[in-house]
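Thank you all for coming. I would like to walk you through one structure this morning, taking the charged contacts to begin with, then the packing, and then the rings.

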Amino acid sequence: CNVREVHKLSPGIINFIDDNISFLDVRSKPCLVHKDYHCSHIITDRNNVTGIIDVEWALAGHNETDFMKMELWAFKDMKETRTSFFKGYKKWGIISKEYNERKKLYELWHLINMVSISYELKNKQYLDYNVKEIRRFLKR
């Protein structure tokens, strides 16, 4: 994979964003976004989340951006965890009725970030994988 291949994806990315831009009209106030949720960063006892660790990537933004890694990786293999996670989250936070549509934009944003990171790390194998994932996403 080279930079030209990445640039070839730009029209499809722009079209997808243009077609879904209304989902970025978020009216809620920004909150702390962890940006690196996955199971090893969420501490639980038997029934409750007791802590969240590893916050060096945290920033202010829309809370629903935080769910993408969980959606892509943890919930994919542990479907029952998704229900429990969102049930628990809704005790303290709000998830919009538009989330299921909006999460497609957040997935694309995440994939673009992964292309950028793999390029910066000069990891050709991971770059190829992430470019392939964006192509797969755009073909849906």
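Let me begin with Glu64 and Arg102, which form a salt bridge in this predicted model, with their closest N and O atoms 2.9 Å apart. Glu64 sits in the loop between strand 4 and helix 3, while Arg102 belongs to helix 5, so this pair ties together parts of the chain that are 38 residues apart in sequence. Are these two charged residues buried or exposed? Glu64 counts as buried, at 1% relative accessibility, and Arg102 counts as buried as well, at 4%.

The loop that holds Glu64 also holds Thr65, and its boundaries are strand 4, residues 59-61, and helix 3, residues 68-77. Thr65 has a relative accessible area of 15% and is therefore buried, the cut-off being 20%. The side chain of Thr65 reaches the backbone oxygen of His62 at 2.8 Å, and, if we leave aside its neighbours within four places in sequence, Thr65 is in contact with Val33, Tyr106 and Trp109.

Staying with charges, there are eleven salt bridges in the structure. One of them is formed by the side chains of Arg135 and Glu5, at 3.2 Å from N to O. This pair links distant parts of the chain, since Arg135 is in helix 6 and Glu5 is in helix 1, residues 3-8, with their positions 130 residues apart. Here Arg135 is partly exposed, at 31% relative accessibility, and Glu5 is partly exposed too, with a relative accessible area of 26%.

A further salt bridge joins the side chains of Lys104 and Glu101, at 3.1 Å from N to O. Both of these residues lie in helix 5, three residues apart, which is about one turn of the helix. As a general point, an α-helix has 3.6 residues a turn, so residues three or four places apart point the same way. Lys104 is partly exposed, with a relative accessible area of 31%, and Glu101 is also partly exposed, at 35%. Beyond single pairs, salt bridges that share partners join Glu107, Glu133, Arg136 and Arg140 into one network.

Let me turn now to the packing, and to helix 2, which runs over residues 10-20. Which residues of helix 2 are buried? They are Ile13, Phe16 and Asn20, and, looking down the axis of helix 2, we find the buried residues within an arc of 65 degrees, so they line one face of the helix. On the other side of helix 2, Asp18 and Asp19 are exposed. The buried residues of helix 2 are covered by parts that include helix 5, residues 99-120, and helix 6, residues 124-139.

Those three helices come together again in the largest nonpolar core, a set of twelve residues that includes Ile13, Phe16, Leu105, Leu108, Val131 and Ile134. Helix 2, helix 5 and helix 6 each supply at least two residues of this core. Apart from it lies another core, of ten residues, among them Met70, Ala74, Ile95 and Tyr99. To follow one member of the larger set in detail, Leu105 touches Phe16, Ile17, Asn20, Phe23 and Leu24, not counting residues up to four places away in sequence.

Finally, I would like to look at the rings, of which the structure holds twelve aromatic pairs. Phe75 and Phe86 make a tilted pair, with 5.8 Å centre to centre and 55 degrees between the planes. Phe75 lies in helix 3 and Phe86 in helix 4, residues 79-92, so the pair ties together parts that are eleven residues apart in sequence, and both of these rings belong to buried residues. Tyr126 and Tyr129, on the other hand, form a stacked pair, 6.2 Å centre to centre, with 5 degrees between the planes. These two tyrosines are three residues apart in helix 6, and so are separated by about one helical turn. Tyr126 is partly exposed, at 28% relative accessible area, and Tyr129 is partly exposed at 40%.

I will end with a wider group, in which ring pairs link Tyr37, Phe67, Phe75, Phe85, Phe86, Tyr89 and Tyr99 into a cluster. Please go back to the model with these residues in mind, and I am happy to take questions.

Conventions. Residues numbered from 1 in each chain as written. Predicted model: local features only at pLDDT ≥ 70, side-chain atom pairs only at ≥ 80, totals over all residues. Heavy atoms only, no water. Buried < 20%, exposed > 50% of the residue type's maximum accessible area, 1.4 Å probe, protein only. Helix = DSSP H or I, 4+ residues; strand = E, 2+ residues; numbered from the N terminus. Arc of directions from axis to C-beta. Contact = heavy atoms within 4.5 Å. Polar contact = N/O pair within 3.5 Å; in protein donor to acceptor, adjacent residues only side chain to side chain. Core = buried A, V, L, I, M, F, W, Y, C linked by side-chain atoms within 4.5 Å. Phe/Tyr/Trp six-rings, centres within 6.5 Å; stacked < 30°, edge-to-face > 60°. Salt bridge = Lys/Arg side-chain N within 4 Å of Asp/Glu carboxyl O.
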